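I opened the model to look up a few residues, the salt bridges and the helix packing. These are my entries in the order I made them.

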Amino acid sequence: MRLPNRYGSAYKVSGNRRRPWAARVTTGWTPDGKLQRYLIGYYKTKAEALEALAAYNKNPIGEIRDKTLGDLYSEWSDRYYNKDLSKSTVDSYKAAWRRLSVLENRQVRELRKTDLQDIVEDMIAEGLSRSSLEKVKTLAVLLWDEAMANDIVDRNYGSMIELPKSRKAKKPTFTDFEISLIKR
């Protein structure tokens, strides 16, 4: 059975590979007439490749899927920091980004909760405050909201980050002896 025109193709790649089936679509042509193609991915079976092709055609987003976390942050910050935010808020987001920037060269769609949780666990090991942890989580939630709005990811892994329970500060209480001194 043939696929519809402009739908894309699933084909077998030469060589001995674990995932020999590729799925790709034509996105356009260059000014000199050469095809521009977007490779959706490699798959174990032809059925998986056709399934990926169908998913892509249901929601075609092309090159935006390959956006890295650093690209997403720079676009988000250009828009978000221009709002009426205080300098301290912007500084705290920039400090949170310094923590998340470890992942800046990775594609957003490949990142998972464990990648973000590892950063938070490292911060806990360093003894950083709960406020610092919350700021990293907040920035992650905002970035993944942006990625969801652009159809790069389906779920917000930032909201799944688990923070340790907050410790209530122990207030000093008076001893029985101190109470008796006050009563005098």
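Is R17 buried, partly exposed or exposed? I looked up its relative accessible area and got 42%, so R17 is partly exposed. I note here that the model is a predicted one. R17 sits in the loop that runs between β1 (9–12) and β2 (21–29). I also took the C-alpha separation of R17 and A49, which is 15 Å for two residues 32 apart along the chain.

**Entry: R6**

I went next to the segment before β1, where R6 is found. R6 is not a glycine, yet its phi is positive, at about 65 degrees. I wrote this down because most residues other than glycine have a negative phi. As to accessibility, R6 has a relative accessible area of 75% and is therefore exposed.

**Entry: L50**

L50 belongs to helix α1 (residues 46–58). Its relative accessibility is 30%, so I list L50 as partly exposed. Which residues does L50 touch, leaving aside neighbours within four places in sequence? I found contacts with L3 and A10. For L50 and A10 I also looked up the C-alpha atoms: they are separated by 6.1 Å, with the two positions 40 residues apart along the chain.

**Entry: salt bridges**

How many salt bridges does the structure hold? The count is 7. I looked at three pairs.

The first pair I opened was R99 with E126, where the closest N and O atoms are 3.0 Å apart. This pair links distant parts of the chain, with R99 in helix α3 (residues 87–100) and E126 in the loop between α4 (113–125) and α5 (130–149), 27 residues apart. R99 counts as partly exposed, at 27% relative accessibility.

I then turned to R106 and D115, whose side chains form a salt bridge at 3.4 Å, N to O. The two partners fall into separate accessibility classes: R106 is partly exposed at 33%, while D115 is buried at 16%. The figure for D115 is under the 20% cut-off, which is why I call D115 buried.

The third pair was K113 and E162, with 3.3 Å from N to O. K113 is in helix α4 and E162 in the loop between α5 and α6 (176–183), so this bridge ties together parts 49 residues apart in sequence. K113 has a relative accessible area of 24% and is partly exposed, whereas E162, at 52%, counts as exposed. The cut-off for exposed is over 50%, so E162 passes it.

**Entry: α4 and α5**

For packed helices I noted the angle between the axes and the distance between them, because these two values describe such a pair. The axes of α4 and α5 come within 10 Å, and their crossing angle is roughly 165 degrees. Angles over 145 degrees count as roughly antiparallel, so α4 is roughly antiparallel to α5. I recorded the crossing of α4 and α5 as right-handed. On the α4 side the contact is made by L116, V120, M123 and I124, and on the α5 side by S132, L133, V136, A140 and W144. I sorted the residues of this contact by class and got 8 nonpolar, 1 polar and no charged ones.

**Entry: α2 and α3**

How do the axes of α2 and α3 cross, and within what distance do they come? For helix α2 (residues 69–80) and α3 the angle is roughly 175 degrees, and the axes come within 12 Å. That makes α2 roughly antiparallel to α3. I listed L69, G70, Y73, W76 and Y80 from α2, and Y93, K94, W97 and L100 from α3, as the residues making the contact. By class they divide into 7 nonpolar, 1 polar and 1 charged.

**Entry: R130**

My last entry concerns R130, which lies in helix α5. Its relative accessible area is 30%, so R130 is partly exposed. Leaving aside neighbours within four places in sequence, I found R130 in contact with L163, P164, K165 and S166. The C-alpha atoms of R130 and S166 are separated by 7.0 Å, and the two residues are 36 apart along the chain.

Technical notes. Residues are numbered from 1 along each chain as its sequence is written. This is a predicted model: local features need pLDDT of at least 70, side-chain atom pairs count only at pLDDT 80 or more; totals for chains, interfaces and linings use all residues. Side-chain values use heavy atoms; hydrogens and water are left out. A salt bridge is a side-chain nitrogen of Lys or Arg within 4 Å of a carboxyl oxygen of Asp or Glu. Helices (H or I, at least four residues) and strands (E, at least two) are DSSP runs, numbered from the N terminus. Buried means under 20% relative accessible area, exposed over 50%, partly exposed in between (1.4 Å probe, protein chains only). Axes are lines fitted to C-alpha atoms, for helices over the stretch in contact, and angles run from 0 to 180 degrees between N-to-C directions. Angles under 35 degrees count as roughly parallel, over 145 as roughly antiparallel, 65 to 115 as roughly perpendicular and the rest as oblique. A crossing is left-handed if the near helix is turned anticlockwise from the far one by less than a right angle, and right-handed if clockwise. Contact means heavy atoms within 4.5 Å. Ala, Val, Leu, Ile, Met, Phe, Trp, Tyr, Cys and Pro count as nonpolar, Asp, Glu, Lys and Arg as charged, and the others, Gly among them, as polar.
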